[in-house]
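This report describes the fold of one protein and then turns to its cysteines and to one of its helices. Please consult the sequence and the structure while reading.

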Amino acid sequence: LLERIIYSARHQGYPLTAIPCLPVANDLSRGDQPTIVRHCLSVYGHPVAPAADVQASEAMGTWSLDATKVCIYFMDKVLAQQDGSGARDNRRKRPLTVAPAGSTTRSMN
């Protein structure tokens, strides 16, 4: 779902630091519920819509993806494609919210 959200956002011209939940959810071909898309955005990012923006709030908000969390997602995907990867097994034991040693979480540009 994360990959489809990223593709949809880029296809519609939204930066990965300002993804509006409802327009992206409506664009997804499988017809995912906006609440599921919002949950995915909340796992891999954080809300950025100002409280004064009533339309964005009503539309489930605007979200900024966290570069570290997204990179960890893609790292897991690459490692999952490699047979017998011990690194993959070790990575799966750590929660997603833990960044690799020496890393900091930051928003995607």
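Six helices and three strands make up the protein, and from the N terminus on these elements follow the order α-β-α-α-β-α-β-α-α. The model is a predicted one. The protein has 109 residues, of which 33% count as buried. Among its contacts with a separation of 6 or more, 57% are between residues 24 or more positions apart. The exposed surface comes to about 6600 Å², and 53% of that area is supplied by carbon and sulfur atoms.

The structure contains zero disulfides. Two cysteines, Cys21 and Cys40, are listed below with their accessibility and the distance to the nearest cysteine sulfur.

| Cysteine | Nearest cysteine sulfur | Relative accessible area |
|---|---|---|
| Cys21 | Cys40, 9.6 Å | 0% |
| Cys40 | Cys21, 9.6 Å | 8% |

A disulfide requires two cysteine sulfur atoms within 2.5 Å, so the 9.6 Å from the sulfur of Cys21 to that of Cys40 leaves Cys21 in no disulfide. Both residues lie under the 20% limit for burial: Cys21 counts as buried at 0%, and Cys40 is buried at 8%.

Helix H5 covers residues 67-80. Its 14 residues, at 1.5 Å a residue, should span 20 Å, and the end C-alpha atoms are indeed 20 Å apart. At the N-terminal end of H5, Asp66 acts as a cap, with a side-chain oxygen 3.0 Å from the backbone nitrogen of Thr68. Thr68 is itself one of the buried residues of H5, which also include Ala67, Lys69, Val70, Ile72, Asp76 and Leu79.

Notes:
Residues are numbered from 1 along each chain as its sequence is written. This is a predicted model: local features need pLDDT of at least 70, side-chain atom pairs count only at pLDDT 80 or more; totals for chains, interfaces and linings use all residues. Side-chain values use heavy atoms; hydrogens and water are left out. Buried means under 20% relative accessible area, exposed over 50%, partly exposed in between (1.4 Å probe, protein chains only). Helices (H or I, at least four residues) and strands (E, at least two) are DSSP runs, numbered from the N terminus. The expected span of a helix is 1.5 Å times one less than its number of residues. A polar contact is a pair of N or O atoms within 3.5 Å; within protein, one must be able to donate a hydrogen and the other to accept it, and residues adjacent in sequence count only if both atoms are side-chain atoms. Contact means heavy atoms within 4.5 Å. Accessible areas come from the Shrake-Rupley method with a 1.4 Å probe; for residues, only the protein chains shown count as cover.
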